[in-house]
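Trainee: I'm new to this one and would like a close look at a single part. Could you pick one piece and walk me through it?

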Amino acid sequence: MLRDRPEVRFLFVGEGVERAATEAVFKEGGGAGAAVFTGLVPQAEGPQLLAAADVLAAPHVPNPDGTRFFGSPTKLFEYMAMGRGIVASRLEQIGEVLEHERTALLVPPGDEAALARAIVRLIDDERLRARLGLAARSRVMERHTWQANARALLERLRAMGMVQWS
């Protein structure tokens with residue numbers, strides 16, 4: 001991607017088991033200056049860092065042992081709330097929360113070329129990036145706030161006859 005788009009910069013926020021390997025890929029490929037690794041940051045600084053990005057990426061792969069993938073969707077909800085273009089893997093609940101071409105661009109898990117193409121597509125298409133970002137923000141505010149979750153739970157309990165109100 002950096003050969004075709006030398007102006008692109010990457011911001012990696014947090015820690016993870018793949019950090020050292022990811023840093024090595026940038027160094028070995030001559031792109032060390034194109035990536036910033038923040039390490040762990042206080043929770044309150046997260047929104048500022050996300051707001052600095054034009055595209056937010058959530059690439060995930062299936063579990064190596066074949067068990068069902070599960071990851072907390074909190075990061076997705078934070079990304080959606082930022083109103084930025086999102087590229088994510090079409091994997092389990094990620095594909096249930098995000099909708100391809102509506103709220104994000106979804107790519108096959110582990111397909112690095114598809115991930116790169118989707119990121120470049122959002123870099124190149126500001127209108128698409130804005131449309132997806134606005135739709136994602138609208139969706140998260142409508143369906144995935146604590147208030148929306150509480151309302152949905154109460155509705156389910158009411159439908160089961162466990163809660164009544166007038």
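Mentor: Let's start with the whole protein and then zoom in on helix 3. Keep in mind that this is a predicted model. The protein has 166 residues, and 30% of them count as buried. You'll find 7 helices and 5 strands in it, and going along the sequence they come in the order β-α-β-α-β-α-β-α-β-α-α-α. If you drew a box around the C-alpha atoms along the principal axes, that box would be roughly 65 × 40 × 30 Å.

Now for the close-up. Helix 3 covers residues 74–82, and its buried residues are Leu76, Phe77, Tyr79 and Met80. Looking down the axis of helix 3, you'd see these buried residues fall within an arc of 160°, so they line one face of the helix.

What do the buried residues of helix 3 pack against? Two strands are on the list, strand 3 (55–58) and strand 4 (85–89). The helices they pack against are helix 2 (46–51), helix 4 (92–97) and helix 6 (126–143). Just past the helix, have a look at Gly83: this residue follows helix 3 and has a positive phi, near 70°.

Zooming back out, contacts across the protein can be sorted by sequence separation. Among those between residues at least 6 apart in sequence, 58% join residues at least 24 apart. As for the outside, the accessible surface of the protein is about 10,900 Å², with 54% of it belonging to carbon and sulfur atoms. Finally, the protein carries 21 positive and 21 negative side chains, and the centres of these two sets are 6 Å apart.

Note on methods. Residues are numbered from 1 along each chain as its sequence is written. This is a predicted model: local features need pLDDT of at least 70, side-chain atom pairs count only at pLDDT 80 or more; totals for chains, interfaces and linings use all residues. Side-chain values use heavy atoms; hydrogens and water are left out. Helices (H or I, at least four residues) and strands (E, at least two) are DSSP runs, numbered from the N terminus. Buried means under 20% relative accessible area, exposed over 50%, partly exposed in between (1.4 Å probe, protein chains only). Contact means heavy atoms within 4.5 Å. Accessible areas come from the Shrake-Rupley method with a 1.4 Å probe; for residues, only the protein chains shown count as cover. Lys and Arg count as positive and Asp and Glu as negative; His and the chain ends are not counted. The place of a charge is taken as NZ of Lys, CZ of Arg, CG of Asp or CD of Glu. The arc is that of the directions from the helix axis to the C-beta atoms.
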